[in-house]
Amino acid sequence: QVQLVESGGGVVQVGDSLRLSCVGSGLAFNIQNMGWFRQAPGLHRGERDFVATITPNGGATYYGDSVKGRFSISRDNAKNTVYLQMSSLKPEDTAVYYCAARQSSRAAMTSPLYEHWGQGTQVTVSS
């Protein structure tokens, strides 16, 4: 049974930093393309925004336009963990953040391509 478990969310102030983690189990983590998506309040699952993605070996990363230069995705395959380091947080970053996985050597930026999803972790940026 595949499980992705996110952690690290919380309530922070504008300009703060936060690091999210996602631990995978039940899958060959080192051959998974891992991604982070977010769902703002009031939106449906199909409206999850792409945040970041990383190839299985960590050699390539891609970011959504709204987070470029502020967020950084990384992974530790020995720990079956992918991270999202968020800095200079803004109120519009408030959302539930989801970790996702798919078995591919390529990086995908669209949510329907991902096979497995975590339950999400809430990030609230207060002004």
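Contact here means that heavy atoms lie within 4.5 Å of each other, and the tour that follows moves through a predicted model.

Begin by selecting strand β7, residues 71-76, where the side chains alternate along the strand. Phe 71, Ile 73 and Arg 75 point to one face and are buried, whereas Ser 72, Ser 74 and Asp 76 point to the other face and are not buried.

Next add strand β8, residues 81-86, which pairs with β7 in the antiparallel sense over six bridges. The two strands form a hairpin with four residues between them, and in the turn you will find Asn 80, which has a positive phi of about 50°. Across the pair, Ser 72 of β7 stands opposite Gln 85 in β8.

From Gln 85, go on to Val 96, which is eleven residues away in sequence and 15 Å away in space, C-alpha to C-alpha. Val 96 belongs to strand β9, residues 95-103. With its neighbours within four places in sequence left aside, Val 96 is in contact with Phe 37, Arg 38, Gln 39, Gly 120, Thr 121 and Gln 122.

From that list select Arg 38, which is placed in strand β4, residues 32-39. Arg 38 counts as buried because its relative accessibility is 9%, and the cut-off for buried is under 20%. Show the side chains here: a polar contact of 3.2 Å joins Arg 38 to Ser 66, and another, of 2.9 Å, joins Arg 38 to Asp 93. Beyond its neighbours within four places in sequence, the residues in contact with Arg 38 include Glu 47, Asp 49, Tyr 97 and Phe 71, the last of which brings you back to strand β7.

Technical notes
Residues numbered from 1 in each chain as written. Predicted model: local features only at pLDDT ≥ 70, side-chain atom pairs only at ≥ 80, totals over all residues. Heavy atoms only, no water. Buried < 20%, exposed > 50% of the residue type's maximum accessible area, 1.4 Å probe, protein only. Pairing = 2+ DSSP bridges. Polar contact = N/O pair within 3.5 Å; in protein donor to acceptor, adjacent residues only side chain to side chain.
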